[in-house]
Amino acid sequence: MEFKFTADRAQLSNCVASVARASGTTSETAGVKLTITGEKLVVAATDLELGIKARLAVTDTADGSVVVPVRVLGNLLKSLDGDTVNFELKESQVNITCDRGEYNLPTVAEGLFPEMADVAGAKLDLTAEAL
């Protein structure tokens, strides 16, 4: 499976912080699911009672999805320098590069991430900054 994208670091950090509020503490809910379709990234987290998804326009993409530890990703994004960040799946790790560094995050088995229902007819769009 290919999975890669380039994103604005600050915007991605805001998206991850927004959905992290819905993450839980069990192995099934402590991750954030990153899904690339075309030039769109969907960031999702759930604690099985509440689920939050955020969307972000990205570039240099290859479709796919991975689950990574939400707290580790959030803390890493906050600490990075530079305007852009690059993600790419390499074996069972996500390689993250930016201006001054390269980092690898372990992936969590995607099958453990709970399915999140789409609520038909009900839609609420908020910017990451509003959250």
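In the predicted model, Phe-3, Phe-5 and Phe-87 come together as one aromatic cluster. The structure contains 2 aromatic pairs, and in one of them Phe-3 and Phe-5 meet edge-to-face, with 5.7 Å from centre to centre and 90° between the planes. Phe-3 and Phe-5 are both buried. The pair of Phe-5 and Phe-87 is stacked, because the ring centres lie 4.6 Å apart and the planes stand at 15°, an angle under the 30 degrees that bounds the stacked class. Since Phe-5 belongs to strand 1 (residues 4-8) and Phe-87 to strand 7 (residues 84-90), this pair ties together parts of the chain that are 82 residues apart in sequence. Phe-5 has a relative accessibility of 1% and therefore counts as buried, and Phe-87, at 2% relative accessibility, likewise counts as buried.

The surroundings of Phe-87 extend beyond the cluster. When residues up to four places away in sequence are not counted, Phe-87 touches Phe-3, Lys-4, Phe-5, Leu-12, Leu-34, Leu-73, Leu-77, Val-94, Asn-95 and Ile-96. Within the largest nonpolar core, which comprises 31 residues, Phe-87 is one of the four that touch the most other members, together with Leu-12, Leu-34 and Leu-73. Helix 1 supplies the largest share of this core, namely 5 residues.

At the level of the whole chain, the secondary structure amounts to 2 helices and 9 strands, which follow one another along the sequence in the pattern β-α-β-β-β-β-β-α-β-β-β. The protein chain has 131 residues, of which 40% count as buried. Of the contacts in the chain between residues at least 6 apart in sequence, 64% join residues at least 24 apart.

The strands carrying Phe-5 and Phe-87, strand 1 and strand 7, take part in an open sheet of 5 strands, arranged in the order 5-1-7-8-9 with antiparallel pairing. Strand 5 (59-62) and strand 9 form the edges of this sheet, and because each has a single partner strand, one side of each is left without a neighbour in the sheet. Neighbouring strands of this sheet are turned against each other by 25° on average, direction ignored. Towards the strand 9 edge, strand 8 (residues 93-98) and strand 9 (residues 101-106) pair in the antiparallel sense over 6 bridges, and a hairpin of 2 residues joins strand 8 to strand 9. Within this pairing, Ile-96 has Tyr-103 of strand 9 as its bridge partner, while Thr-97 has Glu-102 of strand 9 as its partner. Ile-96 is also among the residues touched by Phe-87. Helix 1 (residues 9-20) lies across strand 1 and strand 7 of the same sheet, and its direction runs at about 100° to strand 1.

A further open sheet is formed by 4 strands in the order 4-3-2-6, again with antiparallel pairing. Here strand 4 (51-57) and strand 6 (64-69) stand at the edges, and since each has a single partner strand, one side of each is left without a neighbour in the sheet. The twist in this sheet averages 20° from one strand to the next. Strand 2 (residues 31-37) pairs with strand 6 in the antiparallel sense over 6 bridges, and in this pairing Ile-36 stands opposite Gly-64 of strand 6. Helix 1 packs on this sheet as well, where strand 2, strand 3 (40-46) and strand 4 are touched by the helix, whose direction makes about 170° with that of strand 4. Helix 2 (residues 70-79), for its part, lies across strand 2 and strand 6, running at about 90° to strand 6.

With regard to cysteine, a search of the whole structure finds 0 disulfides. Cys-15 has a relative accessible area of 3% and is therefore buried, and Cys-98, with a relative accessible area of 14%, is buried too, as both values are under the 20% that limits the buried class.

Conventions: Residues are numbered from 1 along each chain as its sequence is written. This is a predicted model: local features need pLDDT of at least 70, side-chain atom pairs count only at pLDDT 80 or more; totals for chains, interfaces and linings use all residues. Side-chain values use heavy atoms; hydrogens and water are left out. A disulfide is a pair of cysteine sulfur atoms within 2.5 Å. Buried means under 20% relative accessible area, exposed over 50%, partly exposed in between (1.4 Å probe, protein chains only). Rings of Phe, Tyr and Trp (its six-membered ring) pair if their centres lie within 6.5 Å; planes under 30 degrees apart count as stacked, over 60 as edge-to-face and the rest as tilted. Two strands pair if DSSP finds at least two bridges between them. Axes are lines fitted to C-alpha atoms, for helices over the stretch in contact, and angles run from 0 to 180 degrees between N-to-C directions. Contact means heavy atoms within 4.5 Å. A nonpolar core is a set of buried Ala, Val, Leu, Ile, Met, Phe, Trp, Tyr and Cys residues joined through side-chain atoms within 4.5 Å.
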